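Welcome! Here is a short briefing to help you find your way around a new structure. Take a look at the sequence and the model first.

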Amino acid sequence: QYRTTEEVNFTEVLDGILNDLNPLIESSNIQLQVVKEAHFVVLFNKDMATVLLSNLVRNALKHNSADKILKITSTSKALVLANSGVDIPLNPNLIFERFYKNGNAENSNGLGLSIVKSIIERQNKISLRYYFEEGLHQFKITKNTYTFQVLFRFVQLVNAQLEFDQHIVHVYEEGFLGHSIISFILSTNFSVLSSNCVFLFS
């Protein structure tokens, strides 16, 4: 976790990044669509928020298609970056890996999304999910519930691991005590934590 945190307005940070990249956006003829219903604010490390969002935007620009769409939607609960690109979904289990290349694509995703993954894994305030919808590759940042934050912290203390596979969360932990406490947290707060996830223990 990052020790230096503050109330970070992700929407405003993203505005600054888009302003800095405006020459590139215009020269690439990207159709930028920004929908602001509300600001997305989280207790976070501001520098890491900037790196996270910058890499997501640059990835969206680099891997865009002839449609040249970049759509950003900000609400109080989520921040979504969606871009046109290849007409098929990417592998959500591999997209954040270094130099992942989809099928016969000429270019890999480089290090950008692996850096994003590293930032996400070192904190417990937000989650990031990739999905393909309405012909756009979408990256959705959401706030974690307090219960998830407690679970995340405990998982760190017992040296367990969480791996996310869309709506399935794999929990890897060898000790019975840790397993039992994690199960208790989930059983008492499951609906608060997530109504859309299945937890599998190994």
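The notes below cover a sheet and a helix that lies across it.

This is a predicted model, in which local features need pLDDT of at least 70 and side-chain atom pairs count only at pLDDT 80 or more, while totals for chains, interfaces and linings use all residues. Residues are numbered from 1 along each chain as its sequence is written, and side-chain values use heavy atoms, with hydrogens and water left out.

**The sheet**
- Five strands (DSSP runs of E, at least two residues, numbered from the N terminus) make an open, mixed sheet in the order 2-4-5-7-6.
- Strand 2 (31-36) and strand 6 (126-133) are the edges; each has a single partner strand, so one side of each has no neighbour in the sheet.
- Strand 2 pairs with strand 4 (residues 69-74) in the parallel sense over six bridges; two strands pair if DSSP finds at least two bridges between them.
- Leu 32 has Leu 70 in strand 4 as its bridge partner.

**Helix 1**
- Helix 1 (residues 10-20; helices are DSSP runs of H or I, at least four residues) lies across strands 2, 4, 5 (78-83) and 6.
- Its buried residues (under 20% relative accessible area, 1.4 Å probe, protein chains only) are Phe 10, Thr 11, Val 13, Leu 14, Ile 17 and Leu 18.
- These cover an arc of only 160° around the axis, by the directions from the helix axis to the C-beta atoms, which puts them on the same side of helix 1.
- Asn 19 and Asp 20, both exposed (over 50%), sit on the face turned away from the buried side.

Methods
Contact means heavy atoms within 4.5 Å. Axes are lines fitted to C-alpha atoms, for helices over the stretch in contact, and angles run from 0 to 180 degrees between N-to-C directions.
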